[in-house]
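Here's a set of exercises to work through with the model open in your viewer. Try each task before you read its solution.

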Amino acid sequence: MSKICVVIPAYNATQTIRDVVKGSLQYVSYVIVADDGSTDNTADIAAEAGAQVVLIEGNLGKGNALKVLFRKAIDAGYDVAISVDADGQHDPADIPRFIESHRNCPEAVIVGSRMHDTHKIPRGRYNSMHVARFYVSLGANQFVEDTQCGFRLYPLSTVKNILLTTDRYVTETEFLLKAGDSGVKILPLEIETIYSNNVSHFRPVTDIVAISVYVISYLPTKWFLEAISSDRPNTYSRNNLRDRIAGNKTLDLAFEIFSVLIAFLVPPFFMILRLLLSPFIRNNFASTRKLHCGFFKILITTYLLPLLLIIAPVEKFLNTFGIKVRLVNSFLKYVVPSFPGGQGKYIL
Ligand SMILES: Nc1nc2c(ncn2[C@@H]2O[C@H](COP(=O)(O)OP(=O)(O)O)[C@@H](O)[C@H]2O)c(=O)[nH]1
Ligand SMILES: [Mg+2]
């Protein structure tokens, strides 16, 4: 029987943290809250409600807080951590269903999915979730229904095999890419979607750009490894080349900038590589062969993410001058339906 705890990354969450901690304690006996340099008394309220509180100095973001929480949970001897947002968007009453799903498939990462509640999600957010899932699914070798939900069950044995090198909101995406790309199953679990008036710290342009850049820098390395190997859909292992590059901050930044700059060359490069190498290397590009939407279509679609990266900063720039345009939204509205699975599900 797995030992399961709940972990909560929190930043200025006085209004909601008590209920989230108390709610979680109804289903597990150990709840850890990482207070990420809150300027209010989130930490005191969490401790009063019964959580073990870890204090982080300064606000280092959700990704860092998750890493701290995983370490704590592992050190305390737990096998599984369920992450819950601090702002009340997740209902702890869904925790037993995560546990049940874990019992049926103990090695899987289980990710809450809000995609069935389309009408409750703000339009812009829904579009970005849709785009993210296309690219993350490509990297994770499987269809991942909702890649942006923070309500998740993490088997800590998988966490131990993955080096998390990113920060803030990128880390959860990085985890899915690496877990999926090392052969771990990622299962969805329908959860209650709560979009009330809570404040979000997610910065639509900056954070989406950061997530996209990471994905753009992940896919070509992965595909290159697949191109030169036979039957190798899962390319991630801890401390691989990408992780080692990330170990040096300057090199990592240079690599990310380089990846974005050459992004437009990536599809033709891989098309040529596939034509040249496929006759000699049996079942190379193994992960993309599992997709039922065609290799060339995948590559063409990968052009769209760098385009989005150009459009988003332009919109931000215009907005700072008071020119209210919604370029990203219009782009997504036009582009999303053209994605494989844009109108419904696609099968991996
Ligand atoms: N530790 C930490 N947690 C954060 C920070 N920002 C957000 N979070 C956590 O991440 C959750 C989701 O962030 P939120 O800003 O609500 O994003 P959204 O729900 O995706 O709009 C919050 O409920 C917090 O639990 C941060 O700076 N530090
Ligand atoms: Mg939120």
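**Exercise 1. A helix residue and its contacts**

Find the partners of threonine 158 beyond its neighbours within four places in sequence, and decide how open its position is.

Solution. This is a predicted model, so keep that in mind throughout. Start with the contacts: leaving aside neighbours within four places in sequence, threonine 158 is in contact with Val109, Ala179 and Val184. Next, place the residue, which is found in helix H6, residues 156–160. Now count neighbours: threonine 158 has 18 C-beta neighbours inside 10 Å, so it counts as partly exposed. The buried class would need 20 or more. Finally, check a distant pair: threonine 158 and isoleucine 298 are 140 residues apart in sequence and 28 Å apart in space, C-alpha to C-alpha.

**Exercise 2. The whole chain**

Work out whether the radius of gyration fits a globular protein of 348 residues.

Solution. First take stock of the secondary structure: the chain has 15 helices and seven strands. Then compare sizes: the radius of gyration is 20 Å, close to the 20 Å that the globule rule gives for 348 residues, so the chain is as compact as a globular protein of that length. Along its principal axes, the C-alpha trace spans about 65 × 55 × 40 Å. As for burial, 41% of the 348 residues count as buried. Last, look at contacts with a separation of 6 or more: residues 24 or more positions apart account for 75% of them.

**Exercise 3. How far to trust it**

Say what the mean pLDDT of the chain is, and which stretch falls below 50.

Solution. The mean pLDDT is 89, and 94% of the residues reach 70 or more. The stretch to flag is 342–348, where the pLDDT is below 50. Beyond near neighbours in sequence, that stretch has 15 contacts in the model.

**Exercise 4. Around the ligand**

Describe the shell around ligand 1: how many residues, which elements, which classes?

Solution. Begin with the count: 17 residues surround ligand 1, and the closest are Asp36, Ala65, Asp85, Ala86 and Ser200. Then trace the elements that give two or more residues to this shell: strand S1 (4–10), strand S2 (31–36) and helix H3 (62–75). Now sort by class, and you get seven nonpolar, six polar and four charged residues.

**Exercise 5. One side of a helix**

Pick out the buried residues of helix H13 and work out how they are arranged around the axis.

Solution. Helix H13 covers residues 295–302, and its buried residues are Ile298, Thr301 and Thr302. They cover an arc of only 105 degrees around the axis, which puts them on the same side of H13. The general rule behind this: an α-helix has 3.6 residues a turn, so residues three or four places apart point the same way.

**Exercise 6. Two positive phi values**

Asparagine 141 and asparagine 239 both need a look at phi; are they buried or exposed?

Solution. Recall first that most residues other than glycine have a negative phi. Asparagine 141 has a positive phi of about 60 degrees, and phi of asparagine 239 is near 65 degrees. Next, locate them. Asparagine 141 sits in the loop between helix H5 (123–140) and strand S6 (152–155), while asparagine 239 sits in the loop between helix H8 (204–227) and helix H9 (241–246). Then count: asparagine 141 has 26 other C-beta atoms within 10 Å, so it is buried. Asparagine 239 has 9 C-beta neighbours inside 10 Å, so it counts as exposed.

**Exercise 7. Contacts across the sequence**

For serine 113 and glycine 139, list the contacts beyond four places in sequence and classify the burial.

Solution. Serine 113 is in strand S5, residues 109–113. Its contacts are Glu145, Asp146, Cys149, Pro188, Leu189, Glu190 and Ile191. With isoleucine 191, the C-alpha distance is 5.8 Å across 78 residues of sequence. Serine 113 has 21 C-beta neighbours inside 10 Å, so it counts as buried.

Glycine 139 is in helix H5. It touches Leu177, Gly180, Asp181, Val215, Tyr218, Leu219 and Lys222. Its 25 C-beta neighbours inside 10 Å mean that glycine 139 counts as buried.

Note on methods:
Residues numbered from 1 in each chain as written. Chains lettered and ligands numbered in written order. Predicted model: local features only at pLDDT ≥ 70, side-chain atom pairs only at ≥ 80, totals over all residues. Helix = DSSP H or I, 4+ residues; strand = E, 2+ residues; numbered from the N terminus. Rg over C-alpha atoms; globule rule 2.2 N^0.38 Å. Buried ≥ 20, exposed ≤ 12 C-beta atoms within 10 Å, placed from the backbone. Contact = placed C-beta atoms within 7 Å. pLDDT = per-residue confidence, 0-100. Near = placed C-beta within 6 Å. Nonpolar A, V, L, I, M, F, W, Y, C, P; charged D, E, K, R; others polar. Arc of directions from axis to C-beta.
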